[in-house]
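Welcome to a short tour of a protein model. Have the sequence and the 3D view ready, and follow along one topic at a time.

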Amino acid sequence: MLTPPELLVGTPGRYAREVFHQRHPTLIDRVAAAHPYTTAQRAALGALLDESLTGEIRPLPGDAPDLADWAAWDRGQVGRPWADAPFLWAESYFYRRILDAVDYFRPGPWHGVDPFRPMKDAELADPSLDSDFGWVASLGRERDEADLATVVRAAVFGNRADISFRLQEPAGDAPTDELLVDDTAWLRAALSEPGPVCLIADNGGREVMADLVLANWLLDTGLATRVTLHVKPAPYYVSDATASDVDAACARLGRPLDARVAVRTHSFWCAPLAFGDLPADLRADLAGHRLVVAKGDLNYRRLVGDRDWDPTTPVRAAATDLGVPVVALRTCKSEVVVGLDAATVARLDAAEPRWRVSGRHGMAQAR
Ligand SMILES: O=P(O)(O)OC[C@H]1O[C@](O)(CO)[C@@H](O)[C@@H]1O
């Protein structure tokens with residue numbers, strides 16, 4: 001089978017171009033308004049936006065602490081037009097450059113100040129979270145299949161909540177109940193012998209709250225012996241969870257982090273690369289688990305490759321073999337999807353032109 005080409009930022013009519021040209025201007029406005037930034041910081045944010053819309057990719061400053069990482073991850077992109085860059089590469093670099101524009105890594109008053117913090121805090125302050133998570137109190141400690149289906153679905157549709165996504169897609173469209181692929185039974189079978197579970201988190205707030213409910217339920221029922229929760233080392237894609245976002249989510253749920261949950265991070269989680277480029281130490285870490293749960297749309301793109309896949313491509317032909325069973329829990333928020341049958345694709349294409357990107361549809365897809 002021929003591997004399809006990578007998705008590129010500048011291709012007319014494709015989603016990647018929409019993200020850069022429609023979502024990013026709104027995002028930059030929101031970031032500029034989020035904190036009392038200096039004139040220089042606001043100018044840097046504006047310059048980054050202009051550069052990404054029409055210019056060539058400029059390097060990080062010479063004093064960036066992660067210069068060596070980015071030299072290794074460069075893949076010949078710096079210096080080329082943004083429009084020609086792979087979508088996956090360019091989005092990660094765009095978020096890294098936002099951190100540069102707001103002096104996130106520079107010694108001084110803005111060092112370590114999360115540019116997305118006010119947006120994240122607003123999400124956690126939403127009173128609807130109380131009723132939305134009310135059902136958690138009724139979860140039992142038995143290995144009940146209906147409870148498993150509930151916690152898996154909550155983790156899937158929690159992924160719809162990410163803030164960068166809501167900057168563009170209309171909020172009104174309710175998610176469907178349908179999972180386009182539902183490998184919940186496969187997930188259960190993968191844990192027929194209990195073992196350690198690795199959960200690669202995506203967004204904080206509502207999504208990581210749902211992930212913690214899933215993790216707690218797996219631990220409470222004894223299906224998981226321990227859980228490793230991988231989060232981002234720095235602010236990324238607006239609402240991606242960092243370690244402090246996990247603390248905030250635990251507080252919001254009113255349940256402290258279980259002693260059997262270890263929160264970990266790795267620089268690779270903010271790298272512009274797919275899972276095929278996982279470094280050896282991280283690959284070994286993941287392989288030490290009985291099951292890996294990869295949350296969210298971006299991790300899905302990284303798992304199968306951010307390419308122009310025919311959606312009927314078998315998942316095993318696309319997804320990276322991590323040497324351990326993997327299940328991806330995501331809502332569809334980008335053009336990348338594999339493992340569907342032709343009838344489903346035809347039905348969705350006819351009914352909903354934006355089904356791949358609208359976030360209405362979810363998948364629990366195993367490799
Ligand atoms: O938070 P998630 O589920 O990884 O989604 C991030 C998504 O946002 C987008 O980057 C668009 O901003 C999608 O293309 C991307 O996959």
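The ligand lies between domain 1 (15-113) and domain 2 (120-366), because both domains give residues to the shell around it. Keep in mind that this is a predicted model. The bullets below begin with that ligand shell and then move on to the domains, the sheet and the helix pairs.

**Around the ligand**

- Which residues come nearest to the ligand? Of the 16 residues around the ligand, they are Asp162, Gly296, Asp297, Leu298 and Ser334.
- Three helices, α1, α8 (163-166) and α13 (296-304), each supply at least two residues of the shell around the ligand.
- The helix that gives the most to this shell is α13, with four residues.
- Sorted by class, the shell residues are seven charged, five polar and four nonpolar.

**Where the two domains touch**

- The domain assignment splits the protein chain into domain 1, residues 15-113, and domain 2, residues 120-366.
- The two domains meet through 17 residues from domain 1 and 19 residues from domain 2.
- If you look at the C-alpha centres of the two domains, you will find them 26 Å apart.
- On the side of domain 1 that touches domain 2, α1 (15-34), α3 (67-73) and α4 (87-101) each supply at least two residues.
- Which helix gives the most to that side of domain 1? The answer is α4, with eight residues.
- That side of domain 1 has ten nonpolar, four charged and three polar residues.

**The sheet**

- Now find the open sheet of seven strands, whose pairing is mixed and whose order is β1-β7-β6-β5-β2-β3-β4.
- At its edges sit β1 (179-182) and β4 (261-265), each pairing on one side only.
- Going from one strand to the next, the twist averages 20 degrees.
- Parallel or antiparallel: in what sense do β3 (residues 224-231) and β4 pair? They pair in the parallel sense, over five bridges.
- To pick out a bridge yourself, start at His230, whose partner in β4 is Arg264.

**Helices packed on the sheet**

- Helix α7 (residues 145-158) packs on the sheet and touches β1, β5 (291-295), β6 (326-331) and β7 (362-366).
- The direction of α7 makes about 55 degrees with that of β6.
- Helix α10 also packs on the sheet, where it touches β2 (195-200), β3, β4 and β5.
- The direction of α10 makes about 160 degrees with that of β3.

**The pair α10 and α11**

- The axes of α10 (residues 205-220) and α11 (residues 243-253) come within 9 Å and cross at roughly 70 degrees.
- This crossing angle is why α10 counts as roughly perpendicular to α11.
- From α10, the residues in the contact are Gly205, Val208, Met209 and Leu212.
- Facing them in α11 are Asp245, Val246, Ala249, Cys250, Arg252 and Leu253.
- By class, this contact has seven nonpolar, two charged and one polar residues.

**The pair α1 and α2**

- Helix α1 packs with α2 (residues 39-54) at an angle of about 175 degrees, and their axes are 10 Å apart.
- The two helices are therefore roughly antiparallel to each other.
- On the α1 side, the contact is made by Phe20, His21, His24, Pro25, Ile28, Val31 and Ala32.
- On the α2 side, look for Arg42, Leu45, Leu49, Ser52 and Leu53.
- How many nonpolar residues does the contact of α1 with α2 have? There are eight, along with three polar and one charged.

Definitions and conventions. Residues are numbered from 1 along each chain as its sequence is written. This is a predicted model: local features need pLDDT of at least 70, side-chain atom pairs count only at pLDDT 80 or more; totals for chains, interfaces and linings use all residues. Domain bounds come from an automatic or database domain assignment. Two residues are in contact if their C-beta atoms, placed from the backbone, lie within 7 Å. Ala, Val, Leu, Ile, Met, Phe, Trp, Tyr, Cys and Pro count as nonpolar, Asp, Glu, Lys and Arg as charged, and the others, Gly among them, as polar. A residue is near a molecule or strand if its C-beta atom, placed from the backbone, lies within 6 Å of it. Axes are lines fitted to C-alpha atoms, for helices over the stretch in contact, and angles run from 0 to 180 degrees between N-to-C directions. Angles under 35 degrees count as roughly parallel, over 145 as roughly antiparallel, 65 to 115 as roughly perpendicular and the rest as oblique. Two strands pair if DSSP finds at least two bridges between them.
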